[in-house]
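These notes are for a colleague opening the model for the first time. They are meant to be read with the structure on screen.

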Amino acid sequence: MKRIVKAALVAVWFMVLTFPLMGIKVNSVAKTLTWRWDRTALMGAATFFLALLWGWCFERKARGLPIISLPPGGAGRRPESGPGVRRGILLAVLAGMIAMPLLSSIYQTNIMISALLYVMLALGLNIVVGLAGQLVLGYVAFYAVGAYTYGLLHQYFGLGFWTCLPLGGVMAVIFGLILGFPVLRLRGDYLAIVTLGFGEIVRLTLQNWSSVTGGPRGISNIPRPELFGLQMGIEESSIYIYYLVLAAVLITILVISRLKNSRVGLALQALREDEIACEAMGIDVTRVKLSAFALGSCWAGFAGVIFAAKTTYINPASFTFMESAMILSMVVLGGMGSIVGVAAAAMLLILVPEYLRAFSEYRMLIFGAVMVLMMIFRPQGLVTGEKRRYRVPGENRARQTVEASHEARA
Amino acid sequence: MKPVLEVTSLSQNFGGLRALNDVDLTVREGEIVALIGPNGAGKTTFFNCITGIYTPTEGDVFLHMPDGEKARLNGRKPHKITAMGMARTFQNIRLFPEMTVLENVMIGRHCRTRAGILGALLRDRGTRREEQASVERSYELLRSVHLHTLYNETAKNLPYGAQRRLEIARAMATEPHMLLLDEPAAGMNPHETRELEDLVREIRDSRKLSVLLIEHDMGMVMSLSDRIYVMEYGSRIAAGTPEEIRANPQVIKAYLGEEAHA
């Protein structure tokens, strides 16, 4: 009852607020006033139901219940659902991804390429932000470094794609370390601001150093990747790049999942959790931080080289802060440190706007609303609680106890 | 008995504030030594000084290594000091809250294992074997603090007393020969405190290490420690066996104030 009264009050308040805009139509030529009570009533009704829903959601949140109960295995939250189901889903996704360019148009393939590039970027940033907990806001700078490495090396030295791919990664790592050294002592907000500045420095340098980088005009006529000297048309080339990016993403996933479950990965996570305890446990924080920056930035370097080869044209406008923010949103929405979640979030954030072009006017509005809702109801991101299983002595008995305690909580 | 930790005239200034003033302290092999004093006496500052979180303004900190070497710790980084065999716990528990119980202890193994990035990527035999050894070693340590059944639980979900025990297990994972415990019994009930006492004794006996602990629970301090150091306002005011400390008028004054004599 209380909820209904509250929702009604909210509805009335919204009706009053929106009345001047929605309820009155002034025609200044004919000097007539039209009262549109129906619209106001509609507004009230809509607000009433939304407020009811809102109240219900908050009540569930307050009682610690999930808003939507996910089916088992849906988000990998329940290890009991077995690795078989998960592996099946992943294989199906992989098969779909491999078949995709053969079945759909070149337009779709190109969209998918950029989505996969973002998956790579998001996974790279996931190492720095998700695993090591270092909030970096200028990640796109490393992407730019990779792209310009290829662009410039091609322009001045005529180097090809396959030579530049590793070089792009190396350059990004070098820049990662250049950024890493001065910010070793910073954490949290301070780190975020400095890295934000770093991103802007890189972009502004590219934009204003016209004699070398071509300034805002950028670099054009960057060749697409070659395959043993084979001549390819635009269509074949796109498909080729698609498989290239897909392979790169798979390698990224493999490397990052191995890294995450290793001694180095544990140290990175410990750094995220508590820096002082980390030091006291014998971990060289300087070294771990620098490796986080290096490991994270190299993926952006690779992605940058592929991006330059895909678009054949780069300019500083592709590397604005907006891109960094977008990549960071993918990591946050996906769930810090989760590989599946971050990859899924990257796909969602790129593909959904592409396929919902009809709503493109409301894109930022929807994006903002989704962000706010996520932060209120699921701040930990889409996928969380992925625990690695370790083989411990006398495992069976111990596992039963753990499982029992899980069920007790669920 | 040989000394393990030797601190001579240690002082620490924070700007104009002298937080530690000329403190001497020695822990000998296999001893349990307590450091007590009223709140704000500088006990935790003392810990932070000798574990490398602060660099002492004056004085020396020496750690005697098991091979007989005497190493000066002043100005060394905390992780180096831990690697040399001095581990600590924290007054306000500093676990890695989002990681599992087992992973928390495995972090402690970090400085005793070698695998690098390349090993992580290749997952070769050596790396896998090292990791499994680390898992088993950590699990053993968990067993010794009775947390092994909860090994896959997220650390933040543990009850308070269990978190304290986990911190000790994590410190033990670094294979120390000198263990520093900062208020290990804080927030524990009498039953848990007794268990903790047994645990500390057991660790000392089975692993042949020396323990320096800060504690406010006088019952525990008196029954557990071989010797006690008392601090007040950054200075050492007394040192001796529990009986001597109990009878020391200066200590009584520090704890109860001037009126106690009246």
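1. A:Glu354 is a place to begin: this residue is found in helix α14 (residues 339–355) of chain A. Helices here are DSSP runs of H or I with at least four residues, strands are runs of E with at least two, and both are numbered from the N terminus. A:Glu354 counts as partly exposed because it has 15 C-beta neighbours inside 10 Å. The scale calls a residue buried if 20 or more other C-beta atoms lie within 10 Å of its own, exposed if 12 or fewer, and partly exposed in between, with C-beta atoms placed from the backbone. A:Glu354 and A:Ser211 are 143 residues apart in sequence, and their C-alpha atoms are 36 Å apart in space.

2. A word on the source. This is a predicted model, in which local features need pLDDT of at least 70 and side-chain atom pairs count only at pLDDT 80 or more, while totals for chains, interfaces and linings use all residues. Residues are numbered from 1 along each chain as its sequence is written, and chains are lettered from A and ligands numbered from 1 in the order in which they are written.

3. Helix α14(A) has a neighbour in α13(A): the two axes come within 7 Å and cross at roughly 130°. Axes are lines fitted to C-alpha atoms, for helices over the stretch in contact, and angles run from 0 to 180 degrees between N-to-C directions. That angle makes α13(A) oblique to α14(A). Angles under 35 degrees count as roughly parallel, over 145 as roughly antiparallel, 65 to 115 as roughly perpendicular and the rest as oblique. The crossing of α13(A) and α14(A) is right-handed; a crossing is given that name if the near helix is turned clockwise from the far one by less than a right angle, and is left-handed if anticlockwise.

4. Which residues of α13(A) meet α14(A)? Among them are A:Met326, A:Ser329 and A:Met330, and the residues they face in α14(A) include A:Gly341, A:Val342 and A:Leu349. Contact between two residues requires their C-beta atoms, placed from the backbone, to lie within 7 Å. This helix contact divides into nine nonpolar, three polar and no charged residues. Ala, Val, Leu, Ile, Met, Phe, Trp, Tyr, Cys and Pro count as nonpolar, Asp, Glu, Lys and Arg as charged, and the others, Gly among them, as polar.

5. A:Ala325 has its place in helix α13 (residues 321–334) of chain A. With 14 C-beta neighbours inside 10 Å, A:Ala325 counts as partly exposed. A:Ala325 and A:Gly138 are 187 residues apart in sequence, yet 8.4 Å apart in space from C-alpha to C-alpha.

6. A second helix pair is α5 (residues 140–157) and α7 (residues 188–208) of chain A, whose axes come within 8 Å and cross at roughly 30°. The two helices are therefore roughly parallel to each other. Their crossing is left-handed. Residues of α5(A) in this contact include A:Val140 and A:Tyr148, and those of α7(A) include A:Phe198 and A:Arg203. By class, the contact has eight nonpolar, one polar and one charged residues.

7. Chain A as a whole has 16 helices and two strands. Of its 410 residues, 36% are buried. Chain A is divided into domain 1 (2–62) and domain 2 (92–377), with bounds that come from an automatic or database domain assignment. The C-alpha centres of these two domains lie 43 Å apart.

8. Chain B is likewise divided, into domain 1 (1–85 + 176–262) and domain 2 (94–175). Over C-alpha atoms, 26 Å separate the two centres. In chain B, 12 residues of domain 1 are in contact with 11 residues of domain 2.

9. How many residues does each chain give to the contact between chains? Chain A gives 31 and chain B gives 39. On the chain A side, α10(A) supplies the largest share, eight residues. That side has 16 nonpolar, seven polar and eight charged residues.

10. Two loop residues have a positive phi without being glycine: A:Asn221, near 55°, and B:Arg123, near 50°. A:Asn221 is found in the loop between α8 (210–213) and α9 of chain A, and counts as exposed, with 9 C-beta neighbours inside 10 Å. B:Arg123 lies in the loop between α4 (117–122) and α5 (125–144) of chain B, and is partly exposed, with 14 other C-beta atoms within 10 Å.
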